[in-house]
Amino acid sequence: MNILKYFSFLIALAVLSSCAKLKEDPGAFITAAEYYKTKADALNAVNAAYFLLNSGGPSVQTPYNTLFATGMDFMSDDIDPGPGATNADVRSQAVLNHSSTGLRVLQLWQQHYAGIKKANVAIDKVPEIEDVALTDALKKRLIGEAKLLRALYYFNLVRLFGGVPLILHDQPGVSISDFQIARNTVAEVYVQIEKDFTEAALALPDSYTGVDIGRATAGAAKSLLSKVYLTQGKWTDAVAKAEEVTGAFPYAAGSSPYRYDLFADYAQVFLPAYKNGKEHIFSAQFKSNSLSQGNNQAPRGARSGVPGMVGSYTDQVRFYTQGTDKFFSIYKLYEANDKRKKNGSFVTHFLGTDGKWYGDLNDKSIPGDSIPYLNKYWDPNQSSNLSESAANVPVIRYSEVLLILAEAENELNGPTAKAYAAYNRVRERAGLTPLSGLTKNQFREALYLDRRLELVWENQRWFDLIREKDGAGKIILEDALKKVGKVNVSVPKHLLFPIPQQEIDLNTKLIQNPGW
């Protein structure tokens, strides 16, 4: 969030009011101290922190409602801006020509700090509410939810920008000097993330009922914490925390103490009819026909020009040359019998209301070489108004926890029985042959590929490109992007985003990342 913009506006407004000699009416303004008085206020405070996960609309992008796609995923080797993505800033960023003045760079920073601000308000204000209807147990839970959300927002920021200012309380001041805050180190940010997730796990319930289903749980806090450990290379901690979610080896169906498991059918992971089911640990929640709370990714991945369906084809797979094939893409990395290929992740044809099928060929010289359209957020109940898709966006799901466990165990001890047991559960659900007999490096390479195929279009690939290393310890980002023709990539420069110049102009204590 631009932590000065709002307050600069207030100062300007105060000056204008003074010049116009307007009469001040204190009774018309409610301060934060006056507002947070009831159980409903406490719930609203925490709900506001969730809002930054999924809110959206024609002019607003939030992290899990299109912003990660346009601000991050388009830079990867899997996804590109399609014909419907006409924003010059976005198209420039997709080929890594972005800069510190780019709009999506600024929005990624601002939207995450907006979520942190709302989480801080809840963490500060909920403990002070004395409403008897707000029980101690509910208070504890709400604070836990806010801490989980704050940790998630900071986890995204530290992976994108490196060390960032740690702001852990609401800032009521309006003086410019109040917001001159230096960057904390990466290590300091991770200490706070781990602390928040750990405290959230102790405060949150294992599950919910009724309208509360989908809120943060203890299992979500532990799952995300295992990912935090994995990202830092804390293999022992990552395995231990993941096993608190999966249960003990051999991680069979029904072993999770939180009752998480894999859906038998990969397609069920994304269909709204199965949302918040046994594989869904934590997701950004979407709802059809309710105050623009639909998932705006759905129409962006669909073909345009299909009668009865409004699709923009804004998001497309990255096409590149491999051998003689000029239209290679992630779609062709799947084995022929991989159920994930056309059972949730992609579709090649759309049925129009005129009864005709619509699709396109990449290369007319290759029989059946159809364009694959991204399909994970399709809502069959909203086929004519895709922007009202009720499909949730996974933040973390059970298959990823199994892959986290397998990867960390392999890095720690090589491809042990534990590593194979966790990894092969994901492969077997995809209809693939279980693996065995691999070296440590071979296991790593195979898992990286399956992680890529399992989690495509789930806002994971860019983070993986800057995290994953080959057998020689080299980060894979540069080689992976050059392979698909994105030759502007430069390491170490592109391992981090630039700090938005607008933020540096307002906060002179911010120091720009190297290379920017």
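A residue counts as buried when its relative accessible area is under 20%. By that cut-off, Phe 443 is buried, because its relative accessible area is 0%. The structure that holds this residue is a predicted model, and the same cut-off serves for the other residues described below.

The overall picture comes first. The protein has 18 helices and ten strands. Its C-alpha trace spans about 75 × 50 × 50 Å along the principal axes. A compact globule of 516 residues would have a radius of gyration near 24 Å, and the 23 Å of the protein agrees with that. Of the 516 residues, 57% are buried. Among contacts with a separation of 6 or more, 68% are between residues 24 or more positions apart.

The outside and the charges can be described briefly. The accessible surface comes to about 21,300 Å², and carbon and sulfur atoms account for 56% of it. The side chains include 57 positive and 55 negative ones, and the centres of these two sets lie 2 Å apart.

Next come the aromatic rings. A search of the whole structure finds 24 aromatic pairs. In one of them, the ring centres of Trp 109 and Phe 161 are 5.2 Å apart and the planes stand at 85°; an angle over 60 degrees counts as edge-to-face, so this pair is edge-to-face. The two partners come from distant parts of the chain, 52 residues apart: Trp 109 belongs to helix H6 (residues 103–125) and Phe 161 to helix H7 (residues 136–161). Trp 109 counts as buried because its relative accessibility is 2%. Phe 161 has a relative accessible area of 0%, so Phe 161 is buried as well.

Phe 443, the residue named at the start, has a ring partner in Tyr 423; this pair is edge-to-face, with 5.3 Å from centre to centre and 75° between the planes. Here too the pair links distant parts of the chain, with Tyr 423 in helix H14 (residues 417–429) and Phe 443 in helix H15 (residues 440–454), 20 residues apart. Tyr 423 has a relative accessible area of 0% and is therefore buried.

Ring pairs also build a cluster, whose members are Trp 109, Tyr 113, Tyr 154, Phe 161, Trp 462 and Phe 497. Trp 109 and Phe 161, described above as an edge-to-face pair, are thus among the members of this cluster.

The backbone has some features of its own. The peptide bond between Phe 249 and Pro 250 is cis, with omega about 15°. Pro 250 sits in the loop that runs between helix H10 (235–246) and strand E2 (280–284). Another cis peptide bond leads from Val 491 to Pro 492, and its omega is near 15°. Pro 492 lies in the loop between helix H17 (477–483) and helix H18 (501–506).

Two asparagines have a positive phi. In Asn 276, which is not a glycine, phi is near 60°. Asn 276 is found in the loop between H10 and E2, the loop that also holds Pro 250. Asn 276 is partly exposed, because its relative accessible area is 25%. For Asn 459, likewise a residue other than glycine, phi is about 65°. Asn 459 has its place in the loop between H15 and helix H16 (461–467), and H15 is the helix that contains Phe 443. With a relative accessibility of 11%, Asn 459 counts as buried.

Technical notes:
Residues numbered from 1 in each chain as written. Predicted model: local features only at pLDDT ≥ 70, side-chain atom pairs only at ≥ 80, totals over all residues. Heavy atoms only, no water. Helix = DSSP H or I, 4+ residues; strand = E, 2+ residues; numbered from the N terminus. Rg over C-alpha atoms; globule rule 2.2 N^0.38 Å. Buried < 20%, exposed > 50% of the residue type's maximum accessible area, 1.4 Å probe, protein only. Contact = heavy atoms within 4.5 Å. Areas by Shrake-Rupley, 256 points an atom, 1.4 Å probe, with all protein chains shown as cover. Lys, Arg positive; Asp, Glu negative; His and termini not counted. Charge placed at Lys NZ, Arg CZ, Asp CG, Glu CD. Phe/Tyr/Trp six-rings, centres within 6.5 Å; stacked < 30°, edge-to-face > 60°.
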